[in-house]
Amino acid sequence: MTTPARARLRELLDREELIVAPGVYDGISAHLTKRTGHTAAYLTGAGVAASGFGLPDIGLVTQTEMVERARMVVRALGDVPLLADADTGYGAPINVIRTVRDYQDAGVAAIQLEDQAFPKRCGHLPDKELVGADDFVRTLAAALDARTDDGMLVIARTDARGPLGLDEAIRRANRYAAEGADVLFVEAPQSEDEIERIAAEVEAPLLLNLVLGGLTPEQSTQRLQQLGFAVAIHPSAVLAHSTLGTLTALCQLRGIDADEFLPSKPEEFFNLVGMAEWFTLGERYQPARREA
């Protein structure tokens, strides 16, 4: 038997009206999302990494940490459905099976999986690496087989636009839809024309990710409704304002100007929680490059 939140998400999708899901990442953002009347919420991995653990979104948060955050947010939201980021599924297909089971037990209404290689990084950062489409199809099959409640939707995300171009991203999205994904998510289209192509050429319910300062141009609810998108997630909308409020308060206490700290794009935001330092550490342990 499915949960009221999962049944509610199915009902919303059947209406064919755009679902607007603000990004939530902690107890207060979840409670306020519900109290302000939003019909759905999105558990943002970037927000959980930064707010919950002081980390950038580069694959440092673990499966168990995300599951516990999802469980807490579901409790706060009640019957408001939660769409939850699960990154790459945190390993091989056998790990994905555990991830899906744990997210299902936590009560999420939809789980999102992506075709990046581990360790993943925010979809609006450069230098992303992908797994092969065949590899992700195996991940997707494991996820679909692992759920015991078909009311929990599986969202398949492809990050192919950056490394391989839009044609490959659309090809992958359609393949993942044919394999049984409930909702398709082509990450980081970079123009109005690209958004329109995705809407026209991907034959499945579609999700668009609108990140403040990110690669995708801002879109109105009305425009996305016209194009036929099913879901618009806004992972940074709440987090950005919370960060601004925190910085303003801290700088006022010190009598300094907050403007020098304010990020204008995802990379600058993640540097506030140490991304540059983490990348430096990562480079230290890369294999030595051979001379040509």
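The largest nonpolar core in this predicted model has 69 residues. Leu-82, Tyr-103, Leu-184 and Phe-229 have the most contacts inside that core. Apart from it lies another core of 17 residues, including Leu-9, Ala-21, Tyr-42 and Val-231. As a general background, nonpolar side chains tend to be buried together in soluble globular proteins. Here is a friendly tour of the rest, by topic.

**Around Leu-82**

- Setting aside neighbours within four places in sequence, Leu-82 touches Val-24, Ala-41, Tyr-42, Leu-43, Ala-70 and Val-73, among others.
- Its list of contacts also includes Val-74, Leu-77, Val-108, Ala-109 and Ala-110.
- Tyr-42 is worth a second look: this residue is in contact with Leu-82, and Tyr-42 is also among the residues of the 17-residue core.

**Overall build**

- The protein chain is made up of 292 residues and holds 13 helices and eight strands.
- A compact globule with 292 residues would have a radius of gyration near 19 Å, and the chain agrees because its own value is 19 Å.
- Along the principal axes, the C-alpha atoms fill a box of roughly 60 × 55 × 40 Å.
- Of all the residues in the chain, 51% count as buried.
- If you take the contacts between residues at least 6 apart in sequence, 70% of them join residues at least 24 apart.

**Surface and charge**

- About 13800 Å² of the protein chain is exposed, and carbon and sulfur atoms supply 51% of that area.
- The chain carries 28 positive and 43 negative charges, and the mean positions of the two sets are 4 Å apart.

**Leu-153, in strand E5**

- Leu-153 lies in strand E5, which covers residues 153–158.
- Its relative accessibility is 2%, so Leu-153 counts as buried.
- Leu-153 and Thr-3 are 150 residues apart in sequence, yet their C-alpha atoms are 12 Å apart in space.
- Beyond its neighbours within four places in sequence, Leu-153 is in contact with Leu-9, Arg-10, Leu-13, Ala-109, Ala-110 and Ile-111, as well as Arg-147, Asp-182 and Val-183.
- Two of these partners, Ala-109 and Ala-110, are in contact with Leu-153 and also with Leu-82.
- Leu-9, another partner of Leu-153, is among the residues of the 17-residue core.

**Asp-102, a buried acidic residue**

- Asp-102 is found in helix H5, residues 93–106.
- With 18% relative accessibility, Asp-102 counts as buried because the cut-off is under 20%.
- Once neighbours within four places in sequence are left aside, Asp-102 is in contact with Gln-63 and Val-67.

**Backbone details to check in your viewer**

- Phe-118 and Pro-119 are joined by a cis peptide bond, with omega at about 0 degrees.
- Pro-119 sits in the loop between strand E4 (110–114) and helix H6 (133–146).
- Glu-16 has a phi near 60 degrees, a positive value in a residue other than glycine.
- The loop that holds Glu-16 runs between helix H1 (4–14) and strand E1 (19–24), and Glu-16 is exposed with a relative accessible area of 66%.
- Tyr-90 also has a positive phi, near 70 degrees, and is likewise a residue other than glycine.
- Tyr-90 lies in the loop between strand E3 (82–85) and H5; with a relative accessible area of 16%, Tyr-90 is buried.

Technical notes. Residues numbered from 1 in each chain as written. Predicted model: local features only at pLDDT ≥ 70, side-chain atom pairs only at ≥ 80, totals over all residues. Heavy atoms only, no water. Helix = DSSP H or I, 4+ residues; strand = E, 2+ residues; numbered from the N terminus. Rg over C-alpha atoms; globule rule 2.2 N^0.38 Å. Buried < 20%, exposed > 50% of the residue type's maximum accessible area, 1.4 Å probe, protein only. Contact = heavy atoms within 4.5 Å. Areas by Shrake-Rupley, 256 points an atom, 1.4 Å probe, with all protein chains shown as cover. Lys, Arg positive; Asp, Glu negative; His and termini not counted. Charge placed at Lys NZ, Arg CZ, Asp CG, Glu CD. Core = buried A, V, L, I, M, F, W, Y, C linked by side-chain atoms within 4.5 Å.
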